[in-house]
Structures are given as structure tokens and as C-alpha cells.
Amino acid sequence: MRIIVGITGASGIVIAVELLQRLKQIEEVETHLIITDGGALTIRDETNFDIYSINRLADYVYNVHEMDASIASGSFLTDGMVIVPCAMKTVAGLASGYSDNLLLRAGDVCIKEHRTLIIVPREMPFSKIHLRNMKELADLGVVVMPPVMTFYNTDMTLQSHINHVVNKILLQLKLPTEISEWSGGKK
């Protein structure tokens, strides 16, 4: 199974790192990573990770300007793409078909080939423009998954919220998760 992971300059890099760590543990998953220039800056400013340690979590790593990469073509078969975190600039580019870098082109390929594309948009509050762009993508079949906190879990740490979002992403990709099936409220 081939999964593309895109990291943009939005806040929330720790979610992408957790996702990559989890995907690395699944033997049958091959990961292809793209980090935008803004993503590299946010990694530096927001985390204790360096870009090289994040790159080592992926099987293949591409420069965001490498427009001739295999993942830029619909003939390169993938099982989906996750853009996490997803900046509003990226949302706008995807919604308008403006593919001026490899991350946007790979997302555009997923849309045109009807492959799973999951975006994890990070902005608050959303403007009407953001909402319009996300609705446009949802209408095209893109899964729009803001990293919303969970309050029904008893463990309320930041890590538990990150795990919840990553588990929801894995569910969309039909991959193993740590989520237990909901059996109703307290009894």
C-alpha cells in the first residue's frame, strides 16, 4: 500500500510526525513524503524535531519543487494521500486546481484519479473563504478532517488528542488503529 504524506507550514507538525511513526510500523505501507518550504520552517519553529529525523520516517522523500517525481503522475499508483497539517494556502491551491508545487500536484492527481485525499486543515477561526474552499474540496470527494479535540476519552492529554486524530486518519485509509468500536454511553 502506497501512501503520500504532505506536510505544509500550518501549525500541528506533531500530528504528521505521529502519523509517519504509526505508518512506519505497518509493514505493508510504503510512505512517500513531501514537506513544503513553509513546513520546514514550522518544523524548526514549532518542534524539537529536525527535518532529517522526520525524513527518516518515510520510505521515499521528495523536494516540493521536484515536479517530475513519480508521485506527480496518475500512472504512479497510490492508495491515497494525507496532507497534515494542511495550510489554507494549500486548501486554496487544491480547490482551484493550482498545482505549482509537487504537494499540490500530488493532491490534484488524487482528486482527478478519485483516490483518497485527506486534508487536516489547521486554522481558527475559519473564514468564509476557507469554508468555501473546504466545501469545494468536500464536494470533490476530499476528506476534510480538522484536528478537533475529543472530550469523550478519559485521557485528556495533548498526546491523547494527537493519537485520536491520527487514529481517525488511519480509519479513513482503512489501516489498523487503536480505536475501540463505540458501544454506547456509560452504563
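## Exercises on a parallel sheet and its helices

In this predicted model, S1 and S4 pair in the parallel sense over 4 bridges. The exercises below start from that pairing and work outwards.

**Exercise 1.** Find the residue in S4 that stands opposite Gly6, and then work out which strand pairs with S1 over 6 bridges.

*Solution.* Begin with the pairing of S1 and S4, where Gly6 stands opposite Ile83 of S4. Next, turn to the pairing of S1 with S2, which is also in the parallel sense and runs over 6 bridges; here Arg2 stands opposite Glu30 in S2.

**Exercise 2.** Trace the order of the strands across the open sheet, and state which strands lie at its edges.

*Solution.* Strands of a sheet pair through backbone hydrogen bonds, either parallel or antiparallel. In this model the 6 strands form an open sheet with parallel pairing, and their order is S3-S2-S1-S4-S5-S6. The edge strands are S3 (60-63) and S6 (143-144), each of which pairs on one side only. To follow the sheet from S4 towards S6, note that S4 and S5 pair in the parallel sense over 4 bridges, with Ile118 of S5 as the bridge partner of Val82. The last step joins S5 (residues 117-121) to S6 over 2 bridges, again in the parallel sense, and there Val144 in S6 is the bridge partner of Ile119.

**Exercise 3.** Decide whether S1 and S4 are mostly buried or mostly exposed.

*Solution.* A residue counts as buried when its relative accessible area is under 20%. In S1, 5 of the 6 residues are buried, so this strand is largely enclosed by the rest of the structure. For S4 the count is 7 of 7 residues buried, and the strand is mostly covered. Helix H1 (residues 13-24) lies across S1 (2-7), S2 (30-35) and S4 (80-86), and runs at about 160 degrees to S1.

**Exercise 4.** Describe how helices H4 and H5 cross, and classify the residues of their contact.

*Solution.* Two packed helices are described by the angle between their axes and the distance between the axes. The axes of H4 (residues 88-96) and H5 (residues 102-112) come within 10 Å and cross at roughly 45 degrees, which makes H4 oblique to H5. The crossing is right-handed. On the H4 side the contact is made by Thr90, Gly93 and Leu94, while H5 contributes Leu103, Leu104, Gly107, Asp108 and Ile111. Sorting the residues of this contact gives 4 nonpolar, 3 polar and 1 charged, where Gly is counted among the polar residues.

Key: Residues are numbered from 1 along each chain as its sequence is written. This is a predicted model: local features need pLDDT of at least 70, side-chain atom pairs count only at pLDDT 80 or more; totals for chains, interfaces and linings use all residues. Side-chain values use heavy atoms; hydrogens and water are left out. Two strands pair if DSSP finds at least two bridges between them. Contact means heavy atoms within 4.5 Å. Axes are lines fitted to C-alpha atoms, for helices over the stretch in contact, and angles run from 0 to 180 degrees between N-to-C directions. Angles under 35 degrees count as roughly parallel, over 145 as roughly antiparallel, 65 to 115 as roughly perpendicular and the rest as oblique. A crossing is left-handed if the near helix is turned anticlockwise from the far one by less than a right angle, and right-handed if clockwise. Buried means under 20% relative accessible area, exposed over 50%, partly exposed in between (1.4 Å probe, protein chains only).
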